[in-house]
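Please look at the structure below with its sequence beside it. The paragraphs that follow lead through it step by step.

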Number of protein chains: 2
Amino acid sequence: MNGKIIDLTLDIYDGAPVMPGDPPCQVASFSTLETAGFNLAQLSLSTHQGTHLDAPFHIFADGAAVDRLDLDRCIGPAFKIDLRPKKPREAIDLEDLLPYDDRIRPGARIILQTGWDKFRAGSDYFTSHPYLTGRLADWLADRQIGLLGLDMPSPAAEGWRQIHEKLLARDIVIVEGLANLDQITAAEFTLIALPLKIRKQDGSPVRAVAIEP
Amino acid sequence: MNGKIIDLTLDIYDGAPVMPGDPPCQVASFSTLETAGFNLAQLSLSTHQGTHLDAPFHIFADGAAVDRLDLDRCIGPAFKIDLRPKKPREAIDLEDLLPYDDRIRPGARIILQTGWDKFRAGSDYFTSHPYLTGRLADWLADRQIGLLGLDMPSPAAEGWRQIHEKLLARDIVIVEGLANLDQITAAEFTLIALPLKIRKQDGSPVRAVAIEP
């Protein structure tokens, strides 16, 4: 593919930060050049580790799982909305997105940039990030966008369930924990954020990239 | 992205087949709608589970790891070569690829179709597949192709190390365990096979897709 690839993904490594209560992220060498003639590692991690996506089954028993997700939603034209500066625990509300009203259309892939990925090492990364209001989530759901990408670990720390419900009820793919959004300068780019094909499960870590024209 | 997306990926599931000696593939429910209000799973698997790619660090101590891999190799125009029928343990040699000589150029992404993915459930899936000869691997290495995709779990069951060395020494990305190649009908398509961003490791499961024009 022509274009410049920008990696939007947080590293997976042994001891990488996890949402409180989630399984730990473990990466261990299993075979080495010395012991086996090749390097091979064993991973243990949750379906929501680092940069990942949520499928409707995350919240709905009858929702699509990542092995049945419509992959068209996970590949295609996207744009970002720069919301910086947003403070910790500051609301992202309808007024923030109204200037982009004409681009927020059915199937649109929209990435919200708050700069929060820079705080990944901090103790409040999972608890104090900016958050989407229910009003905004309703509006995005009504617009039937295809994908919502965030550089926060969740659309909301408190009230997360309500926000997830509103979006996933409309099969909007939620990509959480994006990074390096400041490297995107193009007004439109191709986003790729494909889940692993994990049978009947709720989410997956992804290698998310933007390809600029 | 315009085009038809074809999923080229084997399922990840609890107890999925693994190369003999590799870590097991385990998928377990960790949180459920009943216990936590959301579904979330815990994965334990090797960097070479199912459909995956090998980075040079798999064989070379100073080779590129998946977090530093040139992602341009993993996204872009590709074509497949239909080698069917190939029998178990049958060689894939230079003569098989010579008819495609003019397309096997520096940076090319080439997928070899043998139909072997249909035997994934069999006890000899990992041991009796068709294999690349050293002569063919040398030729592909000299051509400096960018990526080699296979529907076998390895380019060779015996002599695997030699074949991996020849290819990975030239930074040729090897994608193993592809599936559903019979669904590809276009002469050229866009291949996406991106590794997770696992810090300093040797390979990664991928969600591999072809996008037909």
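Which side chains meet in a salt bridge with an N to O distance of 3.8 Å, one of them being that of A:Arg89? The partner of A:Arg89 is A:Glu158. This pair links distant parts of the chain, 69 residues apart: A:Arg89 lies in the loop between β5 (75-82) and β6 of chain A, and A:Glu158 in the loop between β9 and α3 of chain A. A:Glu158 is exposed, because its relative accessible area is 65% and exposed means over 50%. The model in which this pair appears is a predicted one.

The strands of chain A come next. Strands of a sheet pair through backbone hydrogen bonds, either parallel or antiparallel. In chain A, an open sheet of 9 strands follows the order β1-β13-β11-β5-β7-β9-β10-β4-β12, and its pairing is mixed. At the edges stand β1 (4-7) and β12 (203-205) of chain A; each has a single partner strand, so one side of each is left without a neighbour in the sheet. On average, neighbouring strands of this sheet are turned by 25° against each other, direction ignored. Within the order, strand β7 (residues 109-113) and strand β9 (residues 147-150) of chain A run parallel and are joined by 4 bridges. One point at which to follow them is A:Ile110, which stands opposite A:Leu148 in β9(A).

Helices of chain A pack against this region. Helix α3 (residues 160-168) of chain A lies across β4 (52-54), β9 and β10 (173-176) of chain A, and its direction is at about 135° to that of β10(A). Helix α2 (residues 134-142) of chain A has the buried residues A:Gly134, A:Leu136, A:Ala137, A:Trp139, A:Leu140 and A:Ala141. These buried residues pack against β6 (91-92), α1 (94-97), β8 (131-132), β9 and α3 of chain A. Just after α2(A), A:Gln144 takes a positive phi of about 55°.

Chain B offers a view of a strand that is covered on both faces. In a regular strand the side chains alternate between the two faces of the sheet. In strand β10 (residues 173-176) of chain B, B:Val173 and B:Val175 are on one side and B:Ile174 and B:Glu176 on the other, and all of them are buried. Strand β4 (residues 52-54) of chain B pairs with β10(B) in the antiparallel sense over 3 bridges, and B:Leu53 has B:Val175 as its bridge partner. Strand β9 (residues 147-150) of chain B, by contrast, runs parallel to β10(B), also joined by 3 bridges; here B:Leu148 is partnered by B:Ile174.

What lies in the interior? In soluble globular proteins, nonpolar side chains tend to be buried together. The largest nonpolar core has 72 residues, and those with the most contacts inside it are A:Leu8, A:Ile192, B:Leu8 and B:Ile192. Leaving aside residues up to four places away in sequence, A:Leu8 touches several residues, among them A:Thr51, A:Leu178, A:Ile184, A:Leu191 and A:Val209.

The two chains also share a sheet. This open sheet of 4 strands has the order β2(A)-β3(A)-β3(B)-β2(B), with antiparallel pairing. Strand β2 (26-31) of chain A and β2 (26-31) of chain B are at its edges, each with a single partner strand, so one side of each is left without a neighbour in the sheet. Neighbouring strands here are turned by 15° against each other on average, direction ignored. The strands β3 (residues 40-46) of chain A and of chain B pair over 5 bridges in the antiparallel sense, and A:Ser46 has B:Gln42 as its bridge partner.

The contact between the chains takes 58 residues from chain A and 58 residues from chain B. The area buried between them is about 5,100 Å², of which carbon and sulfur atoms give 61%. Between chain A and chain B the count is 6 salt bridges. In one salt bridge, the side chains of A:Asp11 and B:Arg199 meet at 2.8 Å, N to O. In another, the side chains of B:Asp11 and A:Lys197 meet at 3.8 Å, N to O. This second pair crosses from the loop between β1 (4-7) and β2 of chain B to the loop between β11 (189-192) and β12 of chain A, and both B:Asp11 and A:Lys197 are buried.

Definitions and conventions: Residues are numbered from 1 along each chain as its sequence is written. Chains are lettered from A and ligands numbered from 1 in the order in which they are written. This is a predicted model: local features need pLDDT of at least 70, side-chain atom pairs count only at pLDDT 80 or more; totals for chains, interfaces and linings use all residues. Side-chain values use heavy atoms; hydrogens and water are left out. Two strands pair if DSSP finds at least two bridges between them. Axes are lines fitted to C-alpha atoms, for helices over the stretch in contact, and angles run from 0 to 180 degrees between N-to-C directions. Contact means heavy atoms within 4.5 Å. A nonpolar core is a set of buried Ala, Val, Leu, Ile, Met, Phe, Trp, Tyr and Cys residues joined through side-chain atoms within 4.5 Å. Buried means under 20% relative accessible area, exposed over 50%, partly exposed in between (1.4 Å probe, protein chains only). Buried area is the accessible area (1.4 Å probe) that two parts lose on being put together, summed over both. A salt bridge is a side-chain nitrogen of Lys or Arg within 4 Å of a carboxyl oxygen of Asp or Glu.
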